[in-house]
Amino acid sequence: MPSGIENAFLVATIGGFLIGILGNGFIVLVNCIDLVKRQKLSSADCILTGLAISRISQHWVILCDSFLLVLWPHLYAIDKLTKVVSIFWTLSNHLATWFATCLSVFYFFKVANFSHRCFTWLQWRIHSVVLVLLLGSLSLLFLNFELIDMFNSVWTSGYKIYARNSTWSSDVSETHYLHHLIAFNFIDLIPFLLSLTSLLLLSLSLMRHIRNLQLNPSSEDLSTEAHKRAMKMVMSFLFLFIIHVSSILLTGWVFLKLQGHLAKLVVVLTSTVFPSSHSFILILGNSKLRQNAIGLLWYLNCHPKRVKSLAS
């Protein structure tokens, strides 16, 4: 039977799952309705939809993983099950990370203003830039899959030991495991640097824009707010992404060093913060999604009886 702490962990995980499904499902629903009405989607909406779908998949993987950790931890001693969970986790996490990175790069090229010839050339080909980023990330995905085989052997042996209430013992050395863990997360440094570069260049573009306004007070200020909105979106992604990657690193370190089952549950719960909260930041930062969300809240507030009758 699960302990009180484990039950609280499951309740918190289910809460994070429902919040994440609500936010990401809303993004997918709004964009699908828009696609049916207009027969097309903008590039930003396509990226947002891909990001939301990958986040929904990520939430399902985290939920299944959480139930396995609490209710049936002995099943992780089965190598095939561990491999399946690892593959789905890696795939959903990789796609979510790179869709969010492409969104940061897209905001940069759409909002920033530089006169450099290379920037102008890339700006006119932003759709191709995003496509190249997504296709190029597949090579990193295959590298992740190669590293997973090593982790599976360590995690499987670890849960066999956990089931016997034994002490840590593994054919793989701690140093070898930590090296692979660092390499596994080092791959995430590439999308982080791309988003960070986009943020820094957006800041530079904003400073140049403000300086031009000071030199030409009569000119219209149409892009300052656009710069600030884009920078807020990229900054929120970077902040939550750091928390997310840190939780993954902590999971591996806790599993290897502390061997604490409850500590690992806390770290896994922390990993739900990124996919759950980022969706609502995206909704607030996108005018179409924000207006639809406000309209939905107004409808629910003005027609509570009708909503109750539909629910029943």
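# A tour from one salt bridge outward

Select R38 and D34, whose side chains meet in a salt bridge, 3.2 Å from N to O; the term stands for a side-chain nitrogen of Lys or Arg within 4 Å of a carboxyl oxygen of Asp or Glu. The model in your viewer is predicted, and local features are taken only at pLDDT of at least 70 and side-chain atom pairs only at pLDDT 80 or more, while totals for chains, interfaces and linings use all residues. Residues are numbered from 1 along each chain as its sequence is written, and side-chain values use heavy atoms, with hydrogens and water left out.

**The salt-bridge network**

Stay with this pair and show the backbone: R38 and D34 both lie in helix α1, four residues apart, which is about one turn of the helix. Helices here are DSSP runs of H or I with at least four residues, strands are runs of E with at least two, and the numbering goes from the N terminus. Is R38 buried or exposed? R38 has a relative accessible area of 58% and is therefore exposed, whereas D34, at 10%, is buried; buried means under 20% relative accessible area, exposed means over 50%, and partly exposed lies in between, with a 1.4 Å probe and protein chains only.

Next, add K288 to the selection, because D34 also forms a salt bridge with K288, where the closest N and O atoms are 3.1 Å apart. This second pair links distant parts of the chain, with K288 in helix α11 and D34 in helix α1, 254 residues apart. At 18% relative accessibility, K288 counts as buried.

Which residue does K288 meet in helix α2? Select D45: its side chain and that of K288 form a salt bridge of 2.8 Å, N to O. This pair, too, links distant parts of the chain, since K288 sits in helix α11 and D45 in helix α2, 243 residues apart. D45 counts as buried, with a relative accessibility of 8%. Show the four residues together, and you have D34, R38, D45 and K288 linked in a network of salt bridges; a search of the whole structure finds three salt bridges.

**Around the start of α2**

Now move to Q39, in the loop between α1 (4-38) and α2. Most residues other than glycine have a negative phi. Q39, however, has a positive phi of about 65° although it is not a glycine, and its relative accessible area of 63% makes it exposed.

From there, go to C46, which is placed in helix α2 and is partly exposed, with a relative accessible area of 42%. If you also select V28, you can check that the C-alpha atoms of C46 and V28 are separated by 9.6 Å, although the two residues are 18 residues apart along the chain.

**A long-range pair**

Select F9, found in helix α1, which is buried at a relative accessible area of 5%. Then add V268: F9 and V268 are 259 residues apart in sequence, but 9.5 Å apart in space, C-alpha to C-alpha.

**The largest pocket**

Where does the centre of the largest pocket lie? Select Y107, V111, R229, G285 and N286, which are nearest that centre among the 15 residues of the lining. A pocket is found on a 1 Å grid over the protein atoms alone, as an open set of points where a 1.4 Å probe fits, with protein on both sides within 12 Å along at least five of seven lines, and lining residues have an atom within 4 Å of a point. The space in the largest pocket is about 330 Å³, a volume being the space filled by probe spheres set on grid points that are joined across faces, edges and corners. Colour α2 (43-71), α3 (79-111), α8 (224-258) and α11 (287-302), each of which supplies at least two residues of the lining.

**The surface, and the whole chain**

Turn to helix α5 (residues 126-163) and select F142, which counts as exposed at 53% relative accessibility. Add L131, L135 and L138, which together with F142 form a nonpolar patch on the surface, with about 400 Å² of accessible area together. Patches are made of residues with over 30% relative accessible area and no salt bridge, nonpolar side chains (Val, Leu, Ile, Met, Phe, Trp, Tyr) being joined within 5 Å and like charges within 9 Å; accessible areas come from the Shrake-Rupley method with a 1.4 Å probe, and for residues only the protein chains shown count as cover.

Finally, zoom out to the whole chain, which has 12 helices and zero strands, and in which 45% of the 312 residues count as buried.
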